[in-house]
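New to this one? Here is a short, informal tour of what can be read from the coordinates.

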Amino acid sequence: MSGRSSRRSPLAMALLALLAEAPTHAYRLRELIRERRKDQVVNVAQRNSVYQTLDRLLRAELIRVRDTERVGDRPERTVYELTDEGTAALHRWLEEMLSTPAREFPEFPAALAFLPLLTPDAALTLLARRAAALRRTLAELDAEEALVAGALPRVVLLEGEYQRAATLAELRWLEAVTEDLRTGALDWNREDLDAIAARFEPRG
């Protein structure tokens, strides 16, 4: 058993899961993620990220080089396969990621934490723009779902269900907040906020 460890990540888990199906090379792994629409939940926008993650998994001995192959005049490709340690790590990561909420730091809540730096009117404009983008995302998710409805088992589409539910929940929340901004139920100004902050400043 290797004493090394590898940082868990959605991409690392996806690569291990695909290699559990069959040994293959980096280019095909990225293709499979995109063909199966898993690029909606796993970031493979940068091609190098797949190679870098495979290198990290290789150093951690969760995968190993099986052989190399060459097709026609294309460059030689390295074929990877899962190790026993990789299989164990894959199942451990799945158990942890499914059962335990991760402490994540997405951009949107971070920006909300500093919303008072803007005026209520500016905040309303930006949040309404985000709500419009979420409506477009919902329409896209619904269109994709309609294409595969009945053709694929539900278990392979659950991440899409979750994405739609999370997107809809955020949209409903945004609609409530933007309505409060429009009516003035949610309002602030710098002077009042500065006065509140001053009350909580430590006294020397």
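## The cores

Start with the largest nonpolar core: it has 25 residues, and the ones touching the most other members are Leu-15, Leu-16, Leu-54, Leu-57, Ile-63 and Trp-93. Keep in mind as you look around that this is a predicted model.

Which elements give two or more residues to this core? They are α1 (10-21), α2, α3, β3 (77-82) and α4 (84-99). The top giver is α1, which puts in eight residues.

There's also another core, lying apart from this one. That one has 13 residues, including Leu-115, Leu-138, Leu-171 and Leu-181.

Now zoom in on Trp-93, one of the residues that touch the most other members of the largest core. If you set aside its neighbours within four places in sequence, Trp-93 is in contact with Ser-6, Arg-7, Arg-8, Ala-12, Met-13, Leu-16, Leu-57 and Leu-62. Two names there may ring a bell: Leu-16 and Leu-57 are also on the list of core members with the most contacts to other members.

## Salt bridges

On to the charged side chains. Opposite charges on side chains can pair up when the charged atoms come close. How many salt bridges does the count come to? The count comes to 15 salt bridges. Here are three of them, with the N to O distance for each.

| Pair | N to O distance | Relative accessible area |
|---|---|---|
| Arg-66 and Glu-81 | 3.7 Å | Arg-66 49%, Glu-81 18% |
| Arg-154 and Glu-161 | 2.6 Å | Arg-154 56%, Glu-161 35% |
| Asp-194 and Arg-190 | 2.9 Å | Asp-194 42%, Arg-190 38% |

Take the salt bridge between Arg-66 and Glu-81. This pair links distant parts of the chain, with Arg-66 in strand β2, Glu-81 in strand β3, and their positions 15 residues apart in sequence numbering. Is each partner buried or partly exposed? Arg-66 is partly exposed, whereas Glu-81 is buried, because its relative accessible area of 18% falls under the 20% cut-off.

The partners Arg-154 and Glu-161 are split in another way. Arg-154 counts as exposed, because its 56% is over the 50% mark, while Glu-161 counts as partly exposed.

Then there's the pair in helix α8 (residues 190-199): Asp-194 and Arg-190 both lie there, four residues apart, which is about one turn of the helix. Asp-194 counts as partly exposed, and Arg-190 is partly exposed too. Elsewhere, salt bridges that share partners tie Arg-28, Glu-31 and Glu-35 into one network.

## Two backbone oddities

Last stop: the backbone. Most residues other than glycine have a negative phi. Which way does Arg-37 go, negative or positive? Its phi is positive, near 65°. You'll find Arg-37 in the loop between α2 (26-35) and α3 (47-59), where it is partly exposed at a relative accessible area of 39%.

Glu-61 is not a glycine either, and its phi is positive as well, at about 65°. Where is Glu-61 found? Look in the loop between α3 and β2 (63-69). Glu-61 is partly exposed, with a relative accessible area of 32%.

Note on methods
Residues numbered from 1 in each chain as written. Predicted model: local features only at pLDDT ≥ 70, side-chain atom pairs only at ≥ 80, totals over all residues. Heavy atoms only, no water. Buried < 20%, exposed > 50% of the residue type's maximum accessible area, 1.4 Å probe, protein only. Core = buried A, V, L, I, M, F, W, Y, C linked by side-chain atoms within 4.5 Å. Contact = heavy atoms within 4.5 Å. Salt bridge = Lys/Arg side-chain N within 4 Å of Asp/Glu carboxyl O.
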